Structures are given as structure tokens and as C-alpha cells.
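Work through the exercises below with the sequence and the model side by side. Each task is followed by a solution in steps.

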Amino acid sequence: MSVHLDHRRRMHACPCGCGVEIPHSKFSCRASWQRLPKPIRQAITDNHGRDAAAHQAAMAEARRWLQANLPGRCEFRAPRADGRGETRCTAETADGTHHCREHWWAET
């Protein structure tokens, strides 16, 4: 019984790269799950616990889709106040730009 509970507590990083730690029993964070097209989500849930090979294939397809369709991240960087390296913005970019709405001015 304790082995089963330990399995449920295991965590992994969301495959979209957002940095959210999620339970091992979930594929991704809620936001990433909702981004996936319904047929991909359905393939993951339909095959879970039924067909291991099809389940793995569906998760691989979902990872590929997420990597190809994720919004970009802002490329803004600035020196840190303490002089040790730089800070990076982690916001999503505005449509078709390299910077978020806060750092749009860095485009010029």
C-alpha cells in the first residue's frame, strides 16, 4: 500500500516547459492540457490503462504538438541590479514579436 501512495506523490515537470510541477498521474498542467486539440487529449485518456503502446504514442504526439504550438517567450534581458548576471522576462510574447507587451519597446 505505501508503494502505491509513493507512486501517487511523484511529480514531474509539465512537458510544455512552463516549469509547473504536476503529479505523475497527470500529463500536463491544466493550461497546457486545454491548449491540446481535443483528439489528442482524447487519445491520451482513452488509452490510459488500456493500451500502453497507444498511450505512449498519444503522449509523444501531444509533446510534439505542444513544442510546435507553444507561444514564444519574451527575449528581454537586462543586467541584474547586483551586477551578477542578467534577468530574463518569462512572459509570453505578443503576437508576432520577440517581446511581451511590457517590453515591446525593446524591439526597436
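**Exercise 1. Contacts and layout**

What share of the contacts in the chain with a separation of 6 or more comes from residues 24 or more positions apart? Then list the elements of the chain in order.

Solution. The model is a predicted one. Residues 24 or more positions apart account for 26% of the contacts with a separation of 6 or more. The chain holds 4 helices and 4 strands. Read from the N terminus, their order is α-β-β-α-α-α-β-β. Of the 108 residues, 25% count as buried.

**Exercise 2. The nonpolar cores**

Find the residues that make up the largest nonpolar core, and state which helix gives the largest share.

Solution. Start with the membership: the core has 12 residues in all, namely Cys14, Cys16, Ile22, Phe27, Cys29, Leu36, Ile40, Ile44, Ala58, Met59, Ala62 and Leu66. Next, assign elements: α3 (38-47) and α4 (52-69) each supply at least two residues of this core. The largest share, 4 residues, comes from α4. For one set of contacts, take Ala58: leaving out residues up to four places away in sequence, Ala58 touches Ile40, Ala43 and Ile44. Apart from this core lies another, of 5 residues, including Cys74, Ala78, Cys89 and Cys100.

**Exercise 3. Cysteines and disulfides**

How many disulfides does the chain have, and is Cys29 buried or exposed?

Solution. A disulfide is a covalent bond between the sulfur atoms of two cysteines. The cut-off needed here is a pair of sulfur atoms within 2.5 Å. By this rule the count is 0. Cys29 shows the test at work: the nearest cysteine sulfur, that of Cys14, is 3.7 Å away, and Cys29 is in no disulfide. For burial, the limit is under 20% relative accessible area. Cys29 has 10% and is therefore buried. Cys14 has 4% relative accessibility, so Cys14 also counts as buried.

**Exercise 4. The largest pocket**

Describe the largest pocket by its volume and its lining.

Solution. First, the volume is about 430 Å³. Second, 17 residues line this pocket, and His24, Ser25, Lys26, Phe27 and Ser28 lie nearest its centre. Third, α2 (30-35), α3 and α4 each supply at least two residues of the lining. Last, sort the lining by type: 5 residues are nonpolar, 9 polar and 3 charged.

**Exercise 5. Three single residues**

Place Asn47, Gln67 and Arg101 in the chain, and decide for each whether the residue is buried or exposed.

Solution. Take Asn47 first. Asn47 is in helix α3 and, at 19% relative accessibility, counts as buried because the limit is under 20%. Not counting residues up to four places away in sequence, Asn47 touches Ala54 and His55.

Gln67 is in helix α4. With 53% relative accessibility, Gln67 counts as exposed, since exposed means over 50%. Gln67 touches Pro15 and Cys16, again leaving out residues up to four places away in sequence. Gln67 and Cys16 are 51 residues apart along the chain, and their C-alpha atoms are separated by 6.5 Å.

Arg101 is in the segment after β4 (86-88). Its relative accessible area is 66%, so Arg101 is exposed. The C-alpha atoms of Arg101 and Cys74 are separated by 9.0 Å, with their positions 27 residues apart along the chain counted as the separation.

Conventions:
Residues numbered from 1 in each chain as written. Predicted model: local features only at pLDDT ≥ 70, side-chain atom pairs only at ≥ 80, totals over all residues. Heavy atoms only, no water. Core = buried A, V, L, I, M, F, W, Y, C linked by side-chain atoms within 4.5 Å. Buried < 20%, exposed > 50% of the residue type's maximum accessible area, 1.4 Å probe, protein only. Contact = heavy atoms within 4.5 Å. 1 Å grid on protein atoms, 1.4 Å probe; cavity = no way out; pocket = protein on both sides within 12 Å on 5 of 7 lines; lining within 4 Å. Points joined across faces, edges and corners; volume = space filled by probe spheres on them. Nonpolar A, V, L, I, M, F, W, Y, C, P; charged D, E, K, R; others polar.
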